Structures are given as structure tokens and as C-alpha cells.
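Please load the model in your viewer and get ready to make a few selections. We will go step by step.

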Amino acid sequence: MTSIDQAARRTDFAVVGGGLVGRLVAWQLAGAGHHVALYDRGDESGTQSAAWVAAAMLAPLAEATSAEPLVVALGAASLEKWPGVLVQLPEPVFCQRNGTLVVWHHADRAEAPLFERRLRANAPAALLDGGFLKLAGAQVAQAEPALGTRFAQGWLLPNEGQLDNRQALKALSAGLAERGVRTHWNTSVDAMLEARWIIDCRGLGGKPALPALRGIRGEVARVHAPGIGLMRPVRLLHPRYPLYIAPKENDLYVIGATEVEGEDLSPVSVRSALELLSAAFAVHPGFGEARILELNSQCRPTLPDHRPAILWDGVRTLRVNGLYRHGFMIAPEVANAACELADALASSAATTQDAFAEFRSNARWPELLHGAFAVAHAAP
Ligand SMILES: Cc1cc2nc3c(=O)[nH]c(=O)nc-3n(C[C@H](O)[C@H](O)[C@H](O)COP(=O)(O)OP(=O)(O)OC[C@H]3O[C@@H](n4cnc5c(N)ncnc54)[C@H](O)[C@@H]3O)c2cc1C
């Protein structure tokens, strides 16, 4: 038995993978009184995770143009839940609910009705009601003064939000310490642990157990641009390079993101850097004087149906994966659902096929939950 196994045996739950979901799950289980250990092959800051690179926009309505209804519903519910999570963490996290602004250049105006049609077709009425405001002329400048008269039209989605991904990872790490979670950073776990219950939150690193999982590469730029003063994430419609600019604290902007099939974790390409930065420059010429702090890439962990999944192997492992491009947007609800199932398994309330089926039928998000007997994605 390895020293990792020896440590794991002393815990109720061994959480493997401490990116976004793993940290949340470990923190919540520890808060419920369980003994929890967390293992991550990367460092405490989370630099090996997709969460480290993400823009962390919480935008279920804007995402409804392409996301599954389940994801949109999880996103809407999680948007309400984030403040309650953050307030319990021992360190502050920038979290804003100031909406999303969608704009487009005149040459790309054909994109606008397509976007609107998809949004209206896919979004639940509750999100659309008061959540989608058409702006024209001076209204764009009123909503986002930094853009002046550059855009003749736009849409304000006033209920959406964003947070600072790196502050969230750091605050969660402090929260883990506060709740007594035994953390093992820089510790890769590639074989089954000798723990009572294992929760596999390895993101793309979980592919050996979930061969259907794939990576979708995303590239972002982080720039420092004093004096621009965007007040909320701005999305630019474009036929080939849809882009967002997410303003964080202290004039920091996350500009993203490409979406490329494949698990290529190499540095950002010149083409992508040019596309991202020139699109930002076209939104506001002030980005010409911005300082590039970082160009970075990561892969979004994605299942074939582009939906997240919580998979129980029927024995002692839960896998939480497939959060794709919506991890921050949906994490509070997904982590909560995983913890409820973990609790039920630990208290022997769902450990047979029938009991699991009953638990699933009473769960808030039954579509998230899959047992080994009904698993479409897991390895045999
Ligand atoms: C460019 C980009 C932009 C994004 N923008 C947004 C956005 O605006 N809004 C949004 O909601 N989402 C966004 N996302 C998506 C979000 O980042 C992911 O959905 C989320 O990070 C997935 O969380 P996770 O915990 O499953 O995986 P990760 O965050 O990747 O964490 C997985 C962890 O597992 C660890 N690990 C892997 N293998 C092992 C192993 N063998 N042993 C131990 N540890 C292991 C890794 O080190 C990592 O820390 C974006 C993603 C990218 C790449």
C-alpha cells in the first residue's frame, strides 16, 4: 500500500482532482462533517486546471444559444447559489452581477438575428423575461459608456454575472484548510485509491476512466488595460471569432476564447493571439495600449452530449465530469448534487440499484445522475 493509500484510508472521502469541482465538493463534504482528503497533480493555486484559465462568466442566458437546456437550468440555479458559497469562504472573491452586453460590428450584422433566434428558441421564459433588453443608438453608450458610439445596437442581458476564477480557487483552498481537509498538492493519482469512497473530479485527467471524454482547447489573453473601464463582460458576435472581454478587478481583462477540438495543451498560437487581440482592439482602441500579462491555453473536459455527468460506478467511486465550457456557471449545483449522492452512498441510502434509482427519481437534477448499470460514458 502506498503512502497515498494510507492517507486515503483514514478518510471518508478521497477527492481526486482539486480544480474547480473537486475543491467545491471537498469543501462541502467537509462542511457536512466528513473526513475528506483532496489530491491534485498540480499546485495549490490550481495552475494545472481548466479553472485557472477560464473567464468564469456566469451567463446562462447568453450560453442558451448553444448549451443544452439542462446546462442552462443548472446555470440559472447556480447563479443564485454562488453568493451563498462565496460568503462562507475565508477570503474575498470578486463576484459581479452586472449583466452581459452583446454587440456586433456592422459588417457582422447577419449574426445578430441568428443569435437572437437561437436564444429565444432555447432559453426558458423565466430567463428571457426582463433578462433580454434591446439597445439602440445612445442606449448602448448609456449601458456601457466605455464603448461610446462605436456600436449602433446591442443587447443587455442584465441578470448575468461573472467572478474572478483565480480568487475563487484561492479562497476555496483557504476554505479547505479551514474545514480541515487534508490536501495533497503535486500528487498525481492515476490508480484506484484505497479510500472508502472516491470522488473523481480530474477533469480531462479523468479520461482513462471515461474514454468518451475529450478536450476542447480554449485560448485566452489576460491584459492590463487601465482607463478603459468596461463594467461587465462584453460579447462580440462574429461569424468566425466570437469573442468576449471579461473585466475583472484592477483593470484586468480576460479576452477569450478560442474553441478548438483536441487535447493540445501547447502554448497559444500566433493566429489565435492575433484574432483575440485584434478583436479586442476593434471593440475598444484602448486595448492597443494594454499590456499582455499572459497568453494561456487549457482544455475543457467534454462528454459526447456536452452535458455534465455524475457517474456512480456501482461500487465506491463517483465521477463528476463533463463541465465543458460551463464549469463556473454550473459548479455550485453540480457539486451540491454530487455531495448529496455521496452522502446517500456513505449512509447506505443509495447503494443498491433500486435505492439508487429511487434516490435519482427524487433528486433535483436526475438527468445529472448515472449509475454504472445505466452509464453511457464510462469504461467497462
Ligand atoms: C479558455 C477557457 C475559458 C473558460 N471560460 C469559462 C467561463 O467563462 N465560464 C464557465 O462557467 N466556464 C468556463 N470554462 C470552463 C471551466 O473552466 C471548466 O468547465 C471547469 O474548470 C471544469 O472543472 P473541473 O474541476 O471538472 O476541471 P478542472 O478545473 O480542469 O480541474 C481538474 C483538476 O484535476 C487535476 N488532475 C487531473 N488529473 C489528475 C490526476 N491524475 N491526479 C490528480 N489530479 C489530477 C488537475 O490538476 C486539475 O486541477 C472555461 C474553460 C476554458 C479552458
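This tour visits an annotated domain, the surroundings of the ligand and one helix of this predicted model.

**Stop one: the annotated domain.** Start by selecting residues 12-341, where an unreviewed UniProt entry places the feature "domain: FAD dependent oxidoreductase". Colour this stretch by secondary structure: 31% of the chain here is helix and 25% is strand. Then pick the C-alpha atoms at its two ends, which are 14 Å apart.

**Stop two: around the ligand.** Now centre the view on the ligand, which has 43 residues surrounding it. Highlight G19, G203, G205, G218 and G327, the closest of them. Next, show the elements that give two or more residues to this shell: α2 (20-31), α3 (50-53), β11 (214-224), β16 (291-302) and α11. If you colour the shell by class, you will find 20 nonpolar, 17 polar and 6 charged residues. Try two further colours, for domain 1 (3-53 + 170-212 + 306-374) and domain 2 (100-158 + 214-299), since the shell draws at least three residues from each.

**Stop three: helix α12.** Move on to residues 353-362, which form α12. Which residues of this helix are buried? They are F356, F359 and R360. Look down the helix axis: these residues cover an arc of only 100 degrees, so they sit on the same side of α12. Turn to the other side and you meet D354, S361 and N362, which are exposed. Finally, bring up what covers the buried residues of α12, including β17 (309-312), α11 (327-346) and β19 (369-371). You have already met α11 at the ligand, where this helix gives two or more residues to the shell.

Definitions and conventions. Residues numbered from 1 in each chain as written. Predicted model: local features only at pLDDT ≥ 70, side-chain atom pairs only at ≥ 80, totals over all residues. UniProt positions renumbered as here; feature names shortened; annotations may be inferred. Helix = DSSP H or I, 4+ residues; strand = E, 2+ residues; numbered from the N terminus. Buried ≥ 20, exposed ≤ 12 C-beta atoms within 10 Å, placed from the backbone. Arc of directions from axis to C-beta. Contact = placed C-beta atoms within 7 Å. Near = placed C-beta within 6 Å. Nonpolar A, V, L, I, M, F, W, Y, C, P; charged D, E, K, R; others polar. Domains from an automatic or database assignment.
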